[in-house]
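User: Please take a close look at one part of this model, the middle of its sheet and what packs around that region, and go through it in one connected account. I would like to follow how individual residues fit into the whole, and where the ligand comes in.

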Amino acid sequence: MRRKLAAGNWKMNGLKADLAEVAALTAAHPAPGTDILLCPPATLIAPMVAAAQGSALAVGGQDCHAAAAGAHTGDVSAPMLADAGATHVILGHSERRQDHDEHNEHVRAKANAALAAGLVCVICVGESEAERDAANTLDIIGGQLSGSIPDGVTGHSLVVAYEPIWAIGTGRTPTLDQIGEVHDFIRMRLERRFGPGIGRSTRLLYGGSVKPANAAEIFAVSNVDGALVGGASLKASDFSAIITALEAAPTQG
Ligand code: 13P
């Protein structure tokens, strides 16, 4: 049985004052029935880890470099994230793929660096609207899975997030059937490549305009083990409502 995961991605949002949201969130969920993860900007990782001390909240990065150290101005490495107290890292987010021209092979190299540093990799995949309109969604997702996920993952060290690009920050979401189709496909591809043990124990998150109002119906979809939440993770009240919906969702796996 897979433990559900509510993950928040603060993207390039958050100042020290926003750590008040962390205090409110951990107070609202002293013993959550799901795993909870927040991925703030790199500047807030260490203070968020300190603010989350003694709670069930895990803290993650939003990206890491493929090298452990070196002459890469402005970048952050996986051992640095771990050193700051992070336990997870988001990799291959569509905003990184678009803004920084990251391709599957870069994501795979970063994932190998993250695994070497003992971090759980939250690897993102997702199609553009043009790719969905051209009925290429599963081809795109399949290519991203095989290209981005390294061989050395386990059911613990890998989380896959399905984030259709056109649903991110738009208020639009796929139909529940479309979400189920992609999640079932990802599960099948993971089982085929890694075998049933890893394939069935890897958590699959849906991301893209998840809100308190639509969370429960999305969490009831087959092979949805949680969410990767952007905007609605910035306020404790919204993210808390999503966590509560996930705790109440049917068991998967
Ligand atoms: P929104 O929840 O703001 O649509 O963002 C989703 C996302 O990109 C999370 O990584």
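Analyst: A residue is called buried here when its relative accessible area is under 20%, exposed when that value is over 50%, and partly exposed in between. By that cut-off Phe-185 counts as buried, because its relative accessibility is 13%. The model is a predicted one, and the values below are computed from it.

Phe-185 belongs to helix α8, which spans residues 176-201 and packs on the sheet, where it touches β5 (120-125), β6 and β7. The direction of this helix makes about 155° with that of β7. Leaving aside neighbours within four places in sequence, the contacts of Phe-185 are Leu-138, Ile-141 and Gly-142. Ile-141 is also among the residues touched by Glu-127, although Phe-185 and Glu-127 themselves are 58 residues apart in sequence and 14 Å apart in space, taken from C-alpha to C-alpha.

The sheet on which the helix rests is closed: eight strands form a barrel in the order β1-β2-β3-β4-β5-β6-β7-β8, with parallel pairing. On average, neighbouring strands of this sheet are turned by 25° against each other, direction ignored. In general, strands of a sheet pair through backbone hydrogen bonds, in either a parallel or an antiparallel way.

Within the barrel, β5 is a useful strand to follow. Six of its six residues are buried, and this cover extends to both faces, with Val-120, Val-122 and Cys-124 on one side and Cys-121, Ile-123 and Val-125 on the other. On one flank, β5 runs parallel to β4, to which four bridges join it, and one pair across this junction is His-88 with its bridge partner Val-120. On the other flank, five bridges join β5 to β6, again in parallel, with Cys-121 having Leu-158 as its bridge partner in β6. From there the pairing passes on: β6 (residues 158-162) and β7 (residues 203-207) are parallel over four bridges, and Leu-205 of β7 is the bridge partner of Ala-161.

His-88 itself lies in β4, residues 88-91, and is classed as buried because its relative accessible area is 10%. Its side chain makes a polar contact of 2.8 Å with the side chain of Thr-87. Beyond the neighbours within four places in sequence, His-88 is in contact with residues that include Val-120 and Val-122 as well as Ala-58, Val-59, Gly-60 and Gly-61. Leu-37 is also one of the contacts of His-88, and in strand β2 this leucine stands opposite Ala-7. Strand β2 (residues 35-39) has four of its five residues buried and pairs with β1 (residues 5-9) in the parallel sense over five bridges.

After β5 the chain enters the loop between β5 and α6 (129-133), where Glu-127 is placed. Glu-127 is buried, since its relative accessible area is 0%, and its side chain makes a polar contact of 2.9 Å with the side chain of Tyr-162. Not counting residues up to four places away in sequence, Glu-127 touches, among others, Arg-132, Ile-140, Pro-164 and Trp-166. Glu-163 is another residue touched by Glu-127, and this contact leads to the ligand, because a polar side-chain atom of Glu-163, which falls within the 3.5 Å limit for a polar contact, lies 2.9 Å from one of the ligand's oxygen atoms.

The ligand is surrounded by 13 residues, of which Lys-11, His-93, Gly-169, Ser-209 and Gly-230 are the closest. Backbone atoms take part as well: a backbone N or O atom of Ser-209 lies 2.8 Å from a ligand oxygen, and a backbone N or O atom of Gly-231 lies 2.9 Å from a ligand oxygen. The protein covers 96% of the 310 Å² of accessible area that the ligand has on its own.

Two of these closest residues also call for a comment on backbone geometry. Most residues other than glycine have a negative phi. Lys-11, in the loop between β1 and α1 (19-28), has a positive phi of about 50° although it is not a glycine; Ser-209, in the loop between β7 and α9 (212-219), likewise has a positive phi, of about 60°. As for cover by the protein, Lys-11 is partly exposed because its relative accessible area is 22%, whereas Ser-209, at 8%, is buried.

Terms used. Residues numbered from 1 in each chain as written. Predicted model: local features only at pLDDT ≥ 70, side-chain atom pairs only at ≥ 80, totals over all residues. Heavy atoms only, no water. Pairing = 2+ DSSP bridges. Helix = DSSP H or I, 4+ residues; strand = E, 2+ residues; numbered from the N terminus. Axes fitted to C-alpha atoms, helices over the stretch in contact; angles between N-to-C directions. Contact = heavy atoms within 4.5 Å. Near = heavy atom within 4 Å. Polar contact = N/O pair within 3.5 Å; in protein donor to acceptor, adjacent residues only side chain to side chain. Areas by Shrake-Rupley, 256 points an atom, 1.4 Å probe, with all protein chains shown as cover. Buried < 20%, exposed > 50% of the residue type's maximum accessible area, 1.4 Å probe, protein only.
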